[in-house]
2 protein chains.
Amino acid sequence: MAAYRLQKRCDEEAVFVVEGPKMASEAMASGFVIKVVCATAEWLSDYADSMVAEETFEVSPAELERLSNFKTANQIWMLLERNRECRKWNAESGLTLALDKIQDPGNMGTMLRTADWFGVRHVVCSRDTVSCYNPKVVRSTMGAIFRTKVEYVDLPRWLANCNMPVFGASLQGKSIVGRDAASLNEAVLLIGNESRGISEEAMAQVTDPVLIPNIGGTAESLNAAVAAGILMNWMTK
Amino acid sequence: MAAYRLQKRCDEEAVFVVEGPKMASEAMASGFVIKVVCATAEWLSDYADSMVAEETFEVSPAELERLSNFKTANQIWMLLERNRECRKWNAESGLTLALDKIQDPGNMGTMLRTADWFGVRHVVCSRDTVSCYNPKVVRSTMGAIFRTKVEYVDLPRWLANCNMPVFGASLQGKSIVGRDAASLNEAVLLIGNESRGISEEAMAQVTDPVLIPNIGGTAESLNAAVAAGILMNWMTK
């Protein structure tokens with residue numbers, strides 16, 4: 001099972017790893033197919049009856065440490081199938097989130113978590129955006145990975161063909177503050193790379209450049225996940 | 001110099017470490033006293049003339065790796081004095097950010113960066129909040145550490161005596177959406193711990209419980225730094 005610490009192996013088999021009791025409970029409630037469970041006696045005594053998995057192994061804490069992607073293993077390691085038509089993909093919001101070359105797993109997971117909060121169920125990513133199945137991404141989604149449809153596409157082409165207004169953060173943009181969300185019902189919010197922003201090819205598809213006013217006047221930029229959160233709040237309220 | 005990898009040593013001497021060319025440039029522009037610079041020949045050839053430091057050492061990349069708090073060292077390591085009356089502490093915004101038991105360095109740094117963006121220059125923290133001089137915090141502030149007054153206090157007592165309305169996120173709160181920022185000119189925004197939220201003692205001092213509407217209805221919570229960003233946006237616009 002330790003081979004699944006390699007992202008390549010997980011990609012080849014179209015599976016992903018979930019760790020810890022909190023994420024395991026989310027996984028069990030999600031309807032995703034659970035292929036393998038490796039868990040301590042303690043976790044199994046609480047959850048074995050409520051769990052459906054193709055294979056289950058009781059492991060020692062030391063064995064679990066060897067499997068884990070994190071410094072500290074936490075009772076349960078699960079291997080899930082990636083592909084599932086999720087019932088909850090019917091969006092509450094008409095907003096689609098588009099991510100252009102996001103690199104940091106924490107930012108990626110946090111953006112999926114925020115999208116989940118605002119009812120944004122569809123996330124479209126450039127092919128060089130970090131995998132949503134990266135273990136650090138999965139952990140920081142806090143369960144949103146089970147409720148969000150994430151696609152990896154040729155992003156500039158997708159944006160060109162989406163037939164929706166594309167909002168993108170730009171220093172030349174118009175302030176988002178006070179914008180009426182009702183007018184933004186079917187739209188795309190495009191977020192760029194942490195240090196370089198939106199790429200030139202994607203920016204060419206932005207129809208509505210927007211900005212979050214820099215009131216302090218001293219900071220160069222906002223963190224990508226914070227900016228995405230503020231913009232999603234304006235575009236879904 | 002490697003002893004300064006220990007937070008305790010930095011605390012005792014009231015100093016902090018800054019790494020990498022970007023943060024070094026911010027430090028040089030900040031007016032903070034630079035005690036020691038350890039840098040590669042490459043960095044020194046570009047910046048030695050524009051820099052004022054009490055001691056400067058040219059080091060090899062291997063020596064720099066041994067000093068660094070990060071996996072990859074980056075040209076320059078600096079030791080700065082903590083205490084400085086910062087000219088920029090005159091707040092553009094009447095908002096004060098209060099942090100109750102924030103643990104994650106990335107969240108802490110991101111909140112200081114966001115405060116800087118919104119002109120919030122005063123941050124008050126419970127004593128058990130992560131140190132703003134933690135190297136990971138410093139790095140994720142992206143320079144805001146040089147423009148923000150951060151204090152560690154008995155937070156419930158500070159809130160009780162601050163003579164300002166205290167806004168705190170609560171599921172029993174009133175939606176922040178549509179709130180008029182003008183009425184929030186002199187106020188405190190209180191953000192709680194990543195997993196447990198605002199502590200009971202601090203919550204007792206909240207005069208205006210607020211919430212960010214959970215439009216999706218499936219996520220349990222927002223990331224603390226994202227929630228802080230959305231609330232600061234409403235309270236400073």
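**Close-up views of a predicted two-chain model**

**View 1. A salt bridge within helix α1 of chain B.** Lys8(B) and Glu12(B) stand 4 residues apart in helix α1 of chain B, so about one helical turn separates them. In this predicted model, the two residues form a salt bridge whose closest N and O atoms are 3.1 Å apart. Both Lys8(B) and Glu12(B) are exposed. The salt bridges of the structure number 23 over all chains.

**View 2. A salt bridge within helix α2 of chain B.** Glu26(B) and Lys22(B) are joined through their side chains by a salt bridge, with an N to O distance of 3.2 Å. Helix α2 of chain B, residues 21-30, holds both partners, which lie 4 residues apart, or about one turn of the helix. Glu26(B) has a relative accessible area of 15% and is therefore buried, the cut-off for this class being under 20%. Lys22(B), at 36% relative accessibility, counts as partly exposed.

**View 3. A salt bridge between two loops of chain A.** The side chains of Asp128(A) and Lys101(A) form a salt bridge at 2.9 Å, N to O. Because Asp128(A) lies in the loop between β6 (122-126) and α6 of chain A and Lys101(A) in the loop between β5 and α5, the pair ties together parts that are 27 residues apart in sequence. Asp128(A) is partly exposed, with a relative accessible area of 40%; Lys101(A) is also partly exposed, at 23% relative accessibility.

**View 4. Positive phi values at Lys101(A) and Ala14(B).** Most residues other than glycine have a negative phi. Lys101(A), in the loop between β5 (95-99) and α5 of chain A, has a positive phi near 60°. In chain B, Ala14(B) occupies the loop between α1 (7-13) and β1 (15-19), and its phi is likewise positive, near 55°. Ala14(B) counts as partly exposed at 26% relative accessibility.

**View 5. A salt-bridge network that includes residues of chains A and B.** Lys22(A), Glu26(A), Asp116(A), Arg121(A), Arg147(A) and Glu220(B) are linked by salt bridges into a network. Asp116(A), one of these residues, is placed in helix α5 of chain A, residues 105-117. With 1% relative accessibility, Asp116(A) counts as buried. The side chain of Asp116(A) makes a polar contact of 2.5 Å with the side chain of Arg121(A).

**View 6. A patch of positive charge on the surface.** The patch gathers Lys71(A), Lys136(A) and Arg139(A) together with Lys71(B), Lys136(B) and Arg139(B). Helix α6 of chain A (135-140) and helix α6 of chain B (135-141) each supply at least two residues of the patch. Arg139(A) is placed in helix α6 of chain A and, at 46% relative accessibility, counts as partly exposed.

**View 7. Val166(B) and Ala41(B) in chain B.** Val166(B) is placed in strand β8 of chain B, residues 166-175, and counts as buried at 0% relative accessibility. A distance of 6.1 Å separates the C-alpha atoms of Val166(B) and Ala187(B), which are 21 residues apart along the chain. Ala41(B) belongs to helix α3 of chain B, residues 41-47, and is partly exposed at 38% relative accessibility. From C-alpha to C-alpha, Ala41(B) and Thr56(B) are 11 Å apart in space, with their positions 15 residues apart in sequence.

How values were computed. Residues numbered from 1 in each chain as written. Chains lettered and ligands numbered in written order. Predicted model: local features only at pLDDT ≥ 70, side-chain atom pairs only at ≥ 80, totals over all residues. Heavy atoms only, no water. Patch = residues over 30% accessible without salt bridge, like charges linked within 9 Å, V, L, I, M, F, W, Y side chains within 5 Å. Areas by Shrake-Rupley, 256 points an atom, 1.4 Å probe, with all protein chains shown as cover. Salt bridge = Lys/Arg side-chain N within 4 Å of Asp/Glu carboxyl O. Lys, Arg positive; Asp, Glu negative; His and termini not counted. Charge placed at Lys NZ, Arg CZ, Asp CG, Glu CD. Buried < 20%, exposed > 50% of the residue type's maximum accessible area, 1.4 Å probe, protein only. Polar contact = N/O pair within 3.5 Å; in protein donor to acceptor, adjacent residues only side chain to side chain.
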